Amino acid sequence: MKSKIRYGRFATALTAIVFILLFIGCITTMHNNSATIILLSVYVVIIVSGLFYGPAYIKADPDSITLGSLFKSKKIPMRDVESVEMLQPTMGAIRIFASGGFMGYWGIFKEGDIGRYYAFYGKPSDCFLVRLKNGDKYMLGCEKPYEMADYIKSRLK
């Protein structure tokens, strides 16, 4: 089963604003070469990291759960999954090393009641939590969160 990740209004707006501001910054600093180079470098780093880590789709098959971005994917073996539950992240989550809306929500977050988890979603209302046997947690989200969570639950041994 494969499901795309849709971004919420906040993530879409934040992504557009960051792109526009960096583009305007590059144009307005054209007369100052060092400032232009610095802004272009920041622009490239932000875009490339978003393309490598920003959520695009989730795919589950009998053997694994695949978290896919445009340039990279990560597989979680199904044998390592302990449980799946429908759960929405709170806005009180602390970003440890993460994006809180730019090109989706991805990276390492920490919440009081959940603890430390890896996020990979575009819209907070489309989320479910996957707990692994080693204690790791993944907050995942996609267009069909209930179907995806049910599919993963059905594959657990």
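**Exercise 1. Salt bridges**

How many salt bridges does the count come to? Identify the partners of each pair and locate them in the chain.

*Solution.* The structure is a predicted model.

Step 1. The count comes to two salt bridges. As general background, side chains of opposite charge can pair when their charged atoms come close.

Step 2. One salt bridge is formed by Arg-6 and Asp-126, whose closest N and O atoms are 2.8 Å apart. This pair links distant parts of the chain, 120 residues apart. Arg-6 is in the loop between β1 (2-4) and α1 (9-28), while Asp-126 is in the loop between β8 (115-121) and β9 (127-132).

Step 3. Compare the accessibility of these partners with the cut-offs: under 20% is buried, over 50% is exposed, and values in between are partly exposed. Arg-6, at 35% relative accessibility, counts as partly exposed. Asp-126 has a relative accessible area of 6% and is therefore buried.

Step 4. Glu-85 and Arg-131 also form a salt bridge, with 3.0 Å between the closest N and O atoms. Because Arg-131 lies in strand β9 and Glu-85 in strand β5 (residues 81-86), the pair ties together parts that are 46 residues apart in sequence. Arg-131 counts as partly exposed at 26% relative accessibility, and Glu-85 counts as partly exposed at 29%.

**Exercise 2. Strand β3 and its partners**

Determine which strands pair with β3, and state whether the residues of β3 are buried or exposed.

*Solution.*

Step 1. Begin with strand β2 (residues 57-60), which pairs with β3 in the antiparallel sense over four bridges. A hairpin of three residues joins β2 to β3.

Step 2. Turn to strand β4 (residues 73-77). β3 and β4 pair in the antiparallel sense over five bridges, and they form a hairpin with four residues between them.

Step 3. Follow Thr-66 across both pairings. Lys-59 stands opposite Thr-66, and in β4 the bridge partner of Thr-66 is Lys-75.

Step 4. Examine the burial of β3 (residues 64-68). Five of its five residues are buried. Ser-64, Thr-66 and Gly-68 lie on one side, with Ile-65 and Leu-67 on the other, and both faces are covered.

**Exercise 3. A serine in a loop**

Where is Ser-69 found, and which residues is Ser-69 in contact with, leaving aside its neighbours within four places in sequence?

*Solution.*

Step 1. Ser-69 is found in the loop between β3 and β4.

Step 2. Its relative accessible area is 7%, so Ser-69 is buried.

Step 3. The side chain of Ser-69 reaches the backbone oxygen of Leu-51 at 3.5 Å.

Step 4. With neighbours within four places in sequence left aside, Ser-69 is in contact with Leu-51, Phe-52, Tyr-53, Gly-54, Ala-56, Tyr-57 and Phe-120.

**Exercise 4. The faces of two helices**

Describe how the buried residues are arranged around helices α2 and α3, and what they pack against.

*Solution.*

Step 1. Helix α2 (residues 33-53) has 21 residues and reaches 30 Å from its first C-alpha to its last, close to the 30 Å expected at 1.5 Å a residue.

Step 2. In α2, the residues Thr-36, Tyr-43 and Gly-50 are buried. They cover an arc of only 70° around the axis, so they are on the same side of α2. The elements that cover the buried residues of α2 include α1 and β7 (104-111).

Step 3. The face of α2 turned away from its buried side carries the exposed residues Asn-33, Ile-37, Ile-38 and Val-45.

Step 4. In helix α3 (residues 145-155), the residues Pro-145, Met-148, Ala-149, Tyr-151 and Ile-152 are buried. These buried residues fall within an arc of 160° seen down the axis of α3, and therefore line one face of the helix. They pack against β1, β2, β3, β5 and β9.

**Exercise 5. The whole protein**

How many helices and strands are there in the protein, and in what pattern do they follow along the sequence?

*Solution.*

Step 1. The protein has three helices and 10 strands.

Step 2. Read along the sequence, their pattern is β-α-α-β-β-β-β-β-β-β-β-β-α.

Step 3. The C-alpha atoms fill a box of roughly 65 × 30 × 25 Å, taken along the principal axes. Of the 157 residues, 41% count as buried.

Step 4. Among the contacts with a separation of 6 or more, residues 24 or more positions apart account for 52%.

Key. Residues are numbered from 1 along each chain as its sequence is written. This is a predicted model: local features need pLDDT of at least 70, side-chain atom pairs count only at pLDDT 80 or more; totals for chains, interfaces and linings use all residues. Side-chain values use heavy atoms; hydrogens and water are left out. Buried means under 20% relative accessible area, exposed over 50%, partly exposed in between (1.4 Å probe, protein chains only). Helices (H or I, at least four residues) and strands (E, at least two) are DSSP runs, numbered from the N terminus. Two strands pair if DSSP finds at least two bridges between them. A polar contact is a pair of N or O atoms within 3.5 Å; within protein, one must be able to donate a hydrogen and the other to accept it, and residues adjacent in sequence count only if both atoms are side-chain atoms. Contact means heavy atoms within 4.5 Å. A salt bridge is a side-chain nitrogen of Lys or Arg within 4 Å of a carboxyl oxygen of Asp or Glu. The expected span of a helix is 1.5 Å times one less than its number of residues. The arc is that of the directions from the helix axis to the C-beta atoms.
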